[in-house]
Amino acid sequence: MPSRVPDASHHKHLDFNSVKELPESHAWTSLLGDYPSGPDSCGVGSVPIIDLDDPNAQKLVGHACSTWGVFQVTNHGVKNSLLNSIEAAGKSLFSLPIQQKLKAARSPDGVSGYGVARISSFFPKLMWSEGFTIFGSPLEHARQLWPQDHNQFCDVIEEYEKVMQQLAGRLMWLMLGSLGITKEDIKWAGPKADFKGASAAIQLNSYPACPDPDRAMGLAAHTDSTLLTILHQNNTSGLQVLREGAGWVTVPPRPGTLVVNIGDLLHILSNGLYPSVLHRVMVNRTQHRLSIAYLYGPPTNVQISPLSKLVDPSHPPLYRPVTWTEYLGTKAKHFNKALSSVRLCIPLNGLVDVNDHNRVEVSWRQLPYIKMM
Ligand SMILES: C=C1C[C@]23C[C@@]1(O)CC[C@H]2[C@@]12CCC[C@@](C)(C(=O)O1)[C@H]2[C@@H]3C(=O)O
Ligand SMILES: O=C(O)CCC(=O)C(=O)O
Ligand SMILES: [Fe+2]
């Protein structure tokens, strides 16, 4: 029998080190029934790779955002040594004994800390992963994890946050610039237009090697609630994105390359021009996968709504204004219905939100709209 750790959170926490067989609690029966898998050979191509030093970077980013909602970047300015350090920090955290990790467990209504995927409650089966979320200072949880020596972990996190914040600001302007948005259009970017007041979370994800990977799910399909997410993955494959009309496409790891994806708030800000991409993580039999997601959003209380430059009589605002705080609450409560719940208009042909799994597969951008009640 696999050992489950008794704690107050209903035996959700598995000691992955001691499991030899996939427990029923983690066995997903209908994994492959949703969309076709692995279509890399069907001519749909692969997730674009963009060199940020390319003079055409803005155009390439804009194209990748509107067609894929995800791309990879090189020459992003983040040192390999920092990527190695954050990976090592994640490894050292997840290799702690489970009882130690649970000392830093996320509280039921909290954001930060150790635990199972937050979206687990929407699924009948548990996921083959564990995570650690940092929102604000990691100090308190780091002290619980390493009572003698938490400084090294905190220093790496602090440095990572600083560097990622800069990169995220740069990416924001590449994405918005390609829509014709200028600094005057986004007052909340601050006087220097550097998005200094932005908020962000760091999510460390661990996907242990799995005895029965075909029936397990690392992280179920979701979109991020962010403006954008920057992801570093170790050298193990697993991330897949859903490409309309093609199915799940794997984003293979490339050393030193970061994955960038659009989140729901940028989808709203762009009035639907940039899709927030649906993604998931598969696991494998032999390799431990680790990823670090930098989840980037606006200042928590700024109202995000479709930019007025992107709205006209034939392109009415598709979403009502919403703050990140409000949207995170909606996502936590309604999960894949969150985006539709702030929607104002739908095309005459039916539902369209990328993460509404009942959506009708139509190309909708040119369609007339009807107002939602
Ligand atoms: C800022 C956040 C986005 C997130 C919820 C959170 O408060 C911290 C963790 C984030 C994450 C990472 C895994 C997928 C996701 C849907 C989840 O359950 O937790 C995202 C959340 C999100 O984007 O809504
Ligand atoms: O592990 C990954 O590749 C993806 C993680 C992810 O989607 C997330 O943290 O939101
Ligand atoms: Fe994600």
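Iron site and open sheet in a predicted model

In this predicted model, four strands make up an open sheet, ordered β6-β11-β8-β9 with antiparallel pairing.

User: Which are the edge strands of this sheet?
Analyst: The strand order is β6-β11-β8-β9. An edge strand here pairs on one side only. That holds for β6 and β9 (247-250).

User: What is the bridge partner of leucine 242 in β9?
Analyst: Strand β8 covers residues 239-243. It pairs with β9 in the antiparallel sense, over four bridges. Within β9, leucine 242 has as its bridge partner tryptophan 248.

User: Which protein donors does the iron ion (ligand 3) have?
Analyst: Along the chain, the donors follow the spacing H-x1-D-x54-H. They lie 2.1 to 2.2 Å from the iron ion. The donors are His222 (NE2), Asp224 (OD) and His279 (NE2).

User: How many residues apart in sequence are the parts that histidine 222 and histidine 279 tie together?
Analyst: Both histidines are donors of the iron ion (ligand 3). Histidine 222 belongs to strand β6 (residues 219-222), while histidine 279 belongs to strand β11 (residues 279-281). The pair therefore ties together parts whose separation in sequence is 57 residues.

User: Is histidine 222 buried or exposed?
Analyst: The cut-off for buried is under 20% relative accessible area. Histidine 279 falls in that class, and histidine 222 does too. Histidine 222 is buried.

User: Is cysteine 210 buried or exposed?
Analyst: Buried means under 20% relative accessible area. Cysteine 210 has 1% relative accessibility, so it counts as buried.

Notes
Residues are numbered from 1 along each chain as its sequence is written. Chains are lettered from A and ligands numbered from 1 in the order in which they are written. This is a predicted model: local features need pLDDT of at least 70, side-chain atom pairs count only at pLDDT 80 or more; totals for chains, interfaces and linings use all residues. Side-chain values use heavy atoms; hydrogens and water are left out. Donors are N, O and S atoms within 2.8 Å of the metal (3.2 Å for Na, K and Ca); water is not among the atoms, so sites may look incomplete. Helices (H or I, at least four residues) and strands (E, at least two) are DSSP runs, numbered from the N terminus. Buried means under 20% relative accessible area, exposed over 50%, partly exposed in between (1.4 Å probe, protein chains only). Two strands pair if DSSP finds at least two bridges between them.
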